[in-house]
Amino acid sequence: MITGDAKQTAIAIAKEIGILTPEQDAQEFSWTGAEFEKLTEAEKKQSLDNDHGKVFSRVEPRHKRELVKLLIDMGKIVAMTGDGVNDAPAIKQASIGIAMGITGTEVAKRASDMVLNDDNFATIVSAVEEGRSIYSNMKAFIRYLISSNIGEVLSIFFTAMLGIPEGFNSVQLLWVNLVTDGPPATALGFNPADKDIMEKPPRKSDDGLISNWTYFRYTIIGFYVGFATVGIFVYWYVFDVSATDGHSLVTMDQLMHWTDCPNWTGFQVNNFTGGPDLSKTPCDYFMKGKIKASTLSLSVLVLIEMLNAFNAISEDHSLFVMTPFVNVYLFAATAVSMGLHFVIVYVPVLAQIFSICALDQHDWWLVFAFSFPVIICDEILKVYGRHRNAVDLAERQKAMKAE
């Protein structure tokens with residue numbers, strides 16, 4: 001507390017509001033501006049460098065500004081509140097200056113970063129909570145897009161690496177990026193604050209928006225997205241013995257070397273339901289005949305990104321703690337995105353434009369089976385994330401005690 005009042009008055013108020021505790025020697029943690037001015041630079045910093053409350057009385061504007069500067073030089077994040085003209089230099093110097101909106105002077109308001117319209121200090125807590133929530137939602141938006149886009153890139157990379165036919169064409173990828181990704185990404189901005197958001201330690205001033213752990217974590221999710229979209233494409237060609245469309249299965253070696261098909265002898269495929277007539281050109285099975293496999297792959301990409309949007313509701317809390325029901329806008333957005341996907345799948349004209357076909361019940365169960373594990377992957381990563389946060393908090397508290 002920094003005030004122009006008399007020393008004994010300042011001490012009495014500090015004890016009443018808890019800045020000074022009964023165990024503390026009031027004289028040891030209280031100085032007038034003149035007393036503090038007589039200390040050396042090292043003594044001034046030493047007197048400020050612990051967790052006990054401090055009281056400064058009979059101070060002048062230059063003393064306030066010096067105190068703020070010393071704390072900033074010591075690496076502290078300093079918030080300064082005030083209402084008068086004499087507070088303005090310190091408010092301007094602080095990391096964040098806060099002025100009173102009702103009793104504050106215009107000079108103090110202009111020098112500040114925040115104005116309390118109701119002159120209630122509790123509003124600062126609400127503002128910090130809202131700021132942390134906005135910052136968290138910004139990160140959620142970025143995390144969602146990072147993992148989704150990494151997954152799309154890796155699906156193309158895995159396809160090229162394996163040498164199999166392309167699962168997506170350019171129109172399908174544009175549809176996913178422009179239409180399907182948009183509503184969930186926007187809805188993440190309406191996420192409520194985490195339940196423990198005010199229990200977390202403050203961020204360091206040099207902390208990046210996205211940490212190395214976040215990049216690693218969402219690269220892992222991206223790898224799974226890539227694996228699932230390519231995996232279901234391969235599964236349909238090589239392993240889907242329960243398919244109701246009656247398509248022929250090939251070996252993994254044949255799929256990886258499909259460009260050599262014209263040189264194969266005796267290669268024939270069935271004319272499956274919904275597929276083209278390939279009796280005379282069986283090698284077209286890997287291009288014209290991939291329509292069902294491409295539809296499955298596209299459907300996995302869409303559904304997995306909807307599930308991944310729910311993962312992004314909270315950075316570290318499980319979906320059992322921060323359930324999807326906390327953000328009804330996200331529910332609506334994912335419903336819109338899935339509805340749009342159903343439209344292009346089941347409206348024949350649109351299905352022809354996007355080179356896809358209708359899916360049956362068996363196909364949708366397959367899509368779900370390849371998509372849902374993204375929830376499990378992120379839940380496991382969140383467990384480790386919570387452990388990292390607990391360790392980091394313990395280390396910070398230990399460092400503060402050591403100081």
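**Note on the predicted model**

1. V78 sits in the loop between helix 4 (61-73) and strand 3 (79-82). This is a predicted model. V78 is buried, at a relative accessible area of 8%. A94 is 16 residues away from V78 in sequence, yet the two C-alpha atoms are 5.5 Å apart in space. Setting aside neighbours within four places in sequence, the contacts of V78 are V68, L71, I72, A94, S95 and I96. So A94 appears both as the C-alpha partner of V78 and in this contact list.

2. How do helix 10 and helix 12 pack? Helix 10 covers residues 212-238 and helix 12 covers residues 291-311. Their axes are 8 Å apart, at an angle of about 155°. Angles over 145 degrees count as roughly antiparallel. The two helices are therefore roughly antiparallel to each other. Their crossing is right-handed.

3. Next, the residues at that contact. Helix 10 supplies I221, Y224, V225, A228, T229, V230, I232, F233, W236 and Y237. Helix 12 answers with K292, A293, S294, L296, S297, V300, L301, I304 and N308. By class, the contact of helix 10 with helix 12 has 14 nonpolar, four polar and one charged residues.

4. A second helix pair to check is helix 8 (residues 170-180) with helix 13 (residues 328-346). Their axes come within 11 Å and cross at roughly 145°. The crossing is right-handed. On helix 8 the residues in contact are W175, V179 and T180. On helix 13 they are S337, L340 and I344. This contact has four nonpolar, two polar and no charged residues.

5. Now the rings. The structure holds 30 aromatic pairs. One of them joins W31 and F36. Their ring centres are 6.2 Å apart, with 70° between the planes. That geometry is edge-to-face. W31 is buried, with a relative accessible area of 12%. F36 is buried too, at 4% relative accessibility.

6. F267 and F286 form a stacked pair. The centres lie 5.9 Å apart and the planes differ by 15°. Both F267 and F286 lie in the loop between helix 11 (252-256) and helix 12, so the pair ties together parts that are 19 residues apart in sequence. Are these rings buried or exposed? F267 counts as buried at 11% relative accessibility. F286 counts as buried at 0%.

7. The F267 and F286 rings also belong to a cluster. Ring pairs link F233, W236, Y237, W258, W264, F267, F272, Y285 and F286. F233, W236 and Y237 appear again among the helix 10 residues that meet helix 12. These three residues thus serve as a place to inspect the helix contact and the ring cluster together.

8. Two backbone points deserve a look. D119 has a positive phi of about 55° although it is not a glycine. D119 is placed in the loop between strand 5 (114-116) and helix 7 (122-162). S355, also a residue other than glycine, has a positive phi near 55°. S355 lies in the loop between helix 14 (348-353) and helix 15 (361-371). At 36% relative accessibility, S355 counts as partly exposed.

Methods:
Residues numbered from 1 in each chain as written. Predicted model: local features only at pLDDT ≥ 70, side-chain atom pairs only at ≥ 80, totals over all residues. Heavy atoms only, no water. Axes fitted to C-alpha atoms, helices over the stretch in contact; angles between N-to-C directions. Helix = DSSP H or I, 4+ residues; strand = E, 2+ residues; numbered from the N terminus. Parallel < 35°, antiparallel > 145°, perpendicular 65-115°, else oblique. Left-handed = near helix turned anticlockwise from the far one by under 90°. Contact = heavy atoms within 4.5 Å. Nonpolar A, V, L, I, M, F, W, Y, C, P; charged D, E, K, R; others polar. Phe/Tyr/Trp six-rings, centres within 6.5 Å; stacked < 30°, edge-to-face > 60°. Buried < 20%, exposed > 50% of the residue type's maximum accessible area, 1.4 Å probe, protein only.
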